[in-house]
Amino acid sequence: MKICILNCVLNGSTGQIAIDLGDALARLGHSLLLVTADKPSGPLPCAHVSARNALETPFAKFGGRFLDNDGWTNASGTKRALKAIDTFSPDALILGNMHGMWIDTERIFRYAIAHSIPLYLLVHDNWWATGRCGNYLDCPEIDRRCEKCPNPLWYPRTLWKQKSGMHYQLKRSLIEEAKPTFLSNSKWALEALSSKGATHGCEIHVLGMPFDDQIFHPNVKPIEGFEENKAIGFCCGVWSKSKGIDYALSLADFLLKKGKRVLFVGDFPEGVNLPAEAIHFPSTKNKNQLARYYASMSLLINPTLSDTFSMINTEAIACGTPVVTFQTGGAFEMIRVRENGFIVPQGDLESLKAATMEAASLAWDKQQVSETVHYLTKDSYAKTVEKILQD
């Protein structure tokens, strides 16, 4: 098959998923074209087209930040993307993260409809169900068709116009006409979309999120000094209240008083003071280094209060490190209790402490822990996608 994957960014988690999926599908014998805004910093495993022109960037930013057209702007960049797609002539078009300031989602849908190209939507958040935001949680405006967004300064931010009601209707209209297939990274995200009627009449699948098992595996070497005396770890790119920073700090104090070794990975807001006895490594984009951090932990604690899935949990488990996490969003969907970790009611600090101490007392087999997420390796993920495309 000839498959085109379109994602608004090449960097970040959604970009990495697009790259990994393209790589794995190409190795399965399919012809791939990856279309993004960013230009790659190095070689990619499949053909790539960057649709953004530097001269258009100020106009795209104006359309996104002042006209509330995030996901619906940059006509010239979209035409450039469609020209490349038309030349490639795909059998299937997979859309990933679309809410950026470089692509007009409507033009992509109209092209697919006009050329009878099957559309597949990779669901990373709740954007397809709303007028503008990626995670509506309990926002009452979703039930009023997002007529007026109560948080226009949240991502994606608009400083002037507000078109959430119009874009809500436009998304529903396009989905109704195109009947795309939804490919969700979590059951939670798919249920959130379905509960608001966004997937009505469409085929739906829950896939999880893929990881690279050439990087994340149980034989990764720990950081020097952690070979024998591993730490109970906390890991997040940028810590915040929504990522459970308050729970992490409280639990760390508790664990240190119990004589446990504690390791933090990630960047903290200014003014946050970590316990003096805790070890801290800054956030890293180096996946091999991140894998070594996981391998240095006897246990990973993830007290997130907002996650659609959680690559941190999956990657840690793939390295053989069990995880204790809150029952948040889809963050717990890869957890098998007492096989690769524990699930705790969201916000329950005392239960988090108890589960952490129980998990720390168990003898975990790294290989067995890792095998519980083998269905999420990028090759397994691609084979699942391949079967859906071929069916």
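Reader: Which residue's side chain meets Lys-187 in a salt bridge?

Author: Happy to help! This is a predicted model, where local features need pLDDT of at least 70, side-chain atom pairs count only at pLDDT 80 or more, and totals for chains, interfaces and linings use all residues. Residues are numbered from 1 along each chain as its sequence is written, and side-chain values use heavy atoms, leaving out hydrogens and water. A salt bridge puts a side-chain nitrogen of Lys or Arg within 4 Å of a carboxyl oxygen of Asp or Glu. At 4.0 Å, N to O, the partner of Lys-187 is Glu-191.

Reader: Why are Lys-187 and Glu-191 separated by about one helical turn?

Author: Both sit in helix H6; helices are DSSP runs of H or I with at least four residues, numbered from the N terminus. The separation is about one helical turn because the two residues are four residues apart.

Reader: Is Asp-143, the salt-bridge partner of Lys-196, buried or exposed?

Author: Buried means under 20% relative accessible area, exposed over 50%, and partly exposed in between (1.4 Å probe, protein chains only). Lys-196 has 24% relative accessibility and so counts as partly exposed. Asp-143 has 57%, so this residue counts as exposed.

Reader: At roughly what angle do the axes of H3 and H4 cross?

Author: Axes are lines fitted to C-alpha atoms, for helices over the stretch in contact, with angles from 0 to 180 degrees between N-to-C directions. The axes of H3 (residues 75-88) and H4 (residues 105-114) come within 9 Å. Their crossing angle is roughly 30°.
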